[in-house]
Amino acid sequence: MDGIVERLGSADDLPQRVITELLEDEEIKTIQDYANTVSITRLGLNDHGPVHMRTVCKNAMKMLDILHEAGVETSLQKEHSGSFVDSVVAVMLAAFLHDAGMTIGRKDHELYSGIIAYQILTDILLKVLPDDVKRRTIIRSMAMEGILGHMGTHPIHSIEAGLILIADGCDMTKGRARIALEIPTKPMEGDIHKYSANSIEKVRITKGNDRPIKIEVHMKAEVGLFQIEGVLMPKIQSSPAKHLVELYACVEREDAKRYL
């Protein structure tokens with residue numbers, strides 16, 4: 001996340017100002033912390049708090065950076081509606097607030113996230129772009145698309161929102177499942193998500209071979225394939241950025257399996 005922000009900073013300091021607002025905003029901090037309380041303590045699910053939201057932002061920034069270096073334009077650039085910097089800012093905002101609705105519950109949380117995030121997005125953009133209503137409006141709309149579309153339950157049509165969808169699916173490592181696994185509970189529906197995520201050692205996002213982005217999911221056991229086939233693959237399949245991604249599953253002591 002820092003790499004792309006620092007490189008852009010020499011030309012346009014907007015991403016740096018936005019990330020500062022996101023990291024220092026007390027309401028956002030409270031939303032992220034309470035989302036974890038609801039997710040883990042109340043519902044017995046995995047991490048949906050500050051670490052997850054920053055991880056999603058980092059994943060999305062890596063993919064944006066790779067696309068930028070490969071000369072692939074974002075939707076805002078293609079449509080002449082905004083700059084690459086505008087796309088970066090929209091993705092940052094969406095990543096930090098996409099799970100805000102988990103403060104209410106799991107069902108339809110992407111819709112509640114949009115409701116909760118709208119005024120926060122408006123306030124931050126007004127602070128950093130006080131004299132540019134057109135730019136504020138377009139960035140906010142793009143961020144809202146990323147938030148509302150991150151579960152793959154609502155159609156999305158931009159590269160930016162598509163990257164949020166994939167970046168969210170890429171946060172599947174054992175660290176995300178660790179806290180929930182430490183809380184003693186009776187067996188229940190959804191446990192496979194925790195146990196399969198616990199077998200994922202790391203997810204690497206790098207430059208691809210025949211597509212710009214390469215995602216490698218490294219796991220210690222085949223139970224981790226559930227995360228790929230049940231979580232990540234459906235998100236990639238629903239993403240407008242699908243054609244830009246290679247996906248590999250790497251199980252210990254086995255040859256890598258290519259899905260895309």
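Let me begin with the overall layout, in which the protein chain is made up of 12 helices and four strands. Please keep in mind throughout that this is a predicted model, and that I will be describing what can be computed from its atoms. The chain has 260 residues, of which 52% count as buried. If we take the contacts between residues at least 6 apart in sequence, 66% of those contacts join residues that are at least 24 apart.

I would like to start close to the N terminus, with residue D12, which is found in the loop between helix 1, residues 2–9, and helix 2. With a relative accessible area of 22%, D12 is partly exposed, since the cut-off for being buried is under 20%. Which residues does D12 touch, once we set aside those up to four places away in sequence? They are V85 and R135. V85 is 73 residues from D12 along the chain, and yet the C-alpha atoms of the two are separated by 7.5 Å.

Just after that loop comes helix 2, which runs over residues 14–24 and in which L14, P15, V18, I19, E21 and L22 are buried. These residues lie on the same side of helix 2, because they cover an arc of only 155 degrees around the axis.

Let us move on to helix 3, which covers residues 26–42, and ask how far it reaches from its first C-alpha to its last. The 17 residues of helix 3 span 23 Å, which is close to the 24 Å expected at 1.5 Å a residue. The N-terminal end of helix 3 is capped by D25, where a side-chain oxygen lies 2.9 Å from the backbone nitrogen of E27. The buried residues of helix 3 are I28, I31, Q32, A35, N36, V38, S39 and I40, so that you can find polar names such as Q32 and N36 listed there together with I28 and I31. After helix 3 comes G44, and the phi of G44 is positive, near 70 degrees.

That brings me to backbone angles, where a general point helps: most residues other than glycine have a negative phi. Against that background, which residue in the loop between helix 5 (75–78) and helix 6 (84–97) deserves a look? It is H80, which has a positive phi of about 60 degrees although it is not a glycine. H80 counts as exposed, at 74% relative accessibility. A second case is R253, in the loop between strand 3 (245–251) and strand 4 (257–258). R253 is not a glycine either, and its phi is positive at about 65 degrees. With a relative accessible area of 78%, R253 is exposed.

Next I would like to set two residues side by side, and to ask of each whether it is buried or exposed. T74 has its place in the loop between helix 4 (50–69) and helix 5, and at 2% relative accessibility T74 counts as buried. The side chain of T74 makes a polar contact of 2.7 Å with the side chain of S87. Leaving aside neighbours within four places in sequence, T74 is in contact with L64, F84, S87, I159 and E160. I115, on the other hand, lies in helix 7, residues 109–128, and at 64% relative accessibility I115 counts as exposed. The C-alpha atoms of I115 and A100 are 9.0 Å apart, with their positions 15 residues apart along the chain.

Finally, let us turn to K214, which is located in strand 2, residues 213–219. Is K214 buried or exposed? At 15% relative accessibility, K214 counts as buried. Where does the charged end of K214 sit? The charged end is placed over the ring of Y248, at 5.1 Å from the centre of that ring. The side chain of K214 also makes a polar contact, at 3.4 Å, with the side chain of E216. If we do not count residues up to four places away in sequence, K214 touches R204, I205, T206, K207, G208, N209, E246 and Y248. While we are speaking of rings, I should add that a search of the whole structure finds zero aromatic pairs.

To close, I would ask you to find K214 over the ring of Y248 in the model, and then to look for T74 and its polar contact with S87.

Notes: Residues numbered from 1 in each chain as written. Predicted model: local features only at pLDDT ≥ 70, side-chain atom pairs only at ≥ 80, totals over all residues. Heavy atoms only, no water. Phe/Tyr/Trp six-rings, centres within 6.5 Å; stacked < 30°, edge-to-face > 60°. Lys NZ or Arg CZ within 6 Å of the ring centre and 35° of its normal. Helix = DSSP H or I, 4+ residues; strand = E, 2+ residues; numbered from the N terminus. Buried < 20%, exposed > 50% of the residue type's maximum accessible area, 1.4 Å probe, protein only. Polar contact = N/O pair within 3.5 Å; in protein donor to acceptor, adjacent residues only side chain to side chain. Contact = heavy atoms within 4.5 Å. Arc of directions from axis to C-beta. Expected span 1.5 Å × (residues − 1).
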